Amino acid sequence: MSFTGIIKVNGLVRALLTNEQFSGSLVPGDLGGKDTNLIPNGWLVKDIDDKKEELILSYQDQNITLELQKL
């Protein structure tokens with residue numbers, strides 16, 4: 001999975017992701033396997049920090065922080 005961008009539309013921050021099969025955007029609260037196929041089943045989008053350019057995912061009470069990939 002690649003975290004490739006952040007967009008902000010009408011105050012809502014979205015993270016842009018690409019995996020082996022899909023590309024799309026996520027918002028805080030999205031749950032893998034239920035709301036999206038961009039992240040693994042059971043993973044939760046905990047936060048998107050547009051200032052630090054970070055995507056924070058949560059899985060089984062552990063946080064995983066992804067930094068925006070720079071080209």
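Gln-60 is a good place to start: with a relative accessible area of 61%, Gln-60 is exposed. Bear in mind as we go that this is a predicted model. Gln-60 sits in the loop between S5 and strand S6, which covers residues 62-67. Its backbone deserves a look as well, since phi of Gln-60 is near 50°, a positive value in a residue other than glycine.

There is another residue to set beside it. Phi of Glu-53 is near 55°, again positive in a residue that is not glycine. Glu-53 belongs to the loop between S4 and S5. Here the surroundings can be described too: Glu-53 is partly exposed, at a relative accessible area of 27%.

Now step to Asp-49, which lies in strand S4. What is the nearest side chain of opposite charge to Asp-49? It is that of Lys-52, 4.6 Å away. Asp-49 is buried, yet it has no salt bridge. A salt bridge calls for a side-chain nitrogen of Lys or Arg within 4 Å of a carboxyl oxygen of Asp or Glu, so the 4.6 Å to Lys-52 does not qualify.

The side chain of Asp-49 does have polar partners in the backbone, however. It reaches the backbone nitrogen of Lys-51 at 3.0 Å. A polar atom of the same side chain, that of Asp-49, also lies 2.9 Å from the backbone nitrogen of Lys-52. Lys-52 therefore enters the picture of Asp-49 in two ways, through its charged side chain at 4.6 Å and through its backbone nitrogen at 2.9 Å, a distance within the 3.5 Å allowed for a polar contact. Leaving aside residues up to four places away in sequence, Asp-49 touches Ile-6 and Glu-54.

Finally, turn to the aromatic rings. How many aromatic pairs does the count come to? The count gives one aromatic pair. Trp-43 and Tyr-59 form it, with 5.8 Å from centre to centre and 40° between the planes, and the pair is tilted. The tilted label applies because planes under 30 degrees apart would count as stacked and those over 60 as edge-to-face. This pair links distant parts of the chain, its members being 16 residues apart: Trp-43 is in the loop between strand S3 (23-26) and strand S4 (44-49), while Tyr-59 is in strand S5, residues 54-59. As for their accessibility, Trp-43 is buried, with a relative accessible area of 17%, whereas Tyr-59 is partly exposed, at 30%.

Note on methods. Residues numbered from 1 in each chain as written. Predicted model: local features only at pLDDT ≥ 70, side-chain atom pairs only at ≥ 80, totals over all residues. Heavy atoms only, no water. Phe/Tyr/Trp six-rings, centres within 6.5 Å; stacked < 30°, edge-to-face > 60°. Helix = DSSP H or I, 4+ residues; strand = E, 2+ residues; numbered from the N terminus. Buried < 20%, exposed > 50% of the residue type's maximum accessible area, 1.4 Å probe, protein only. Lys, Arg positive; Asp, Glu negative; His and termini not counted. Polar contact = N/O pair within 3.5 Å; in protein donor to acceptor, adjacent residues only side chain to side chain. Contact = heavy atoms within 4.5 Å.
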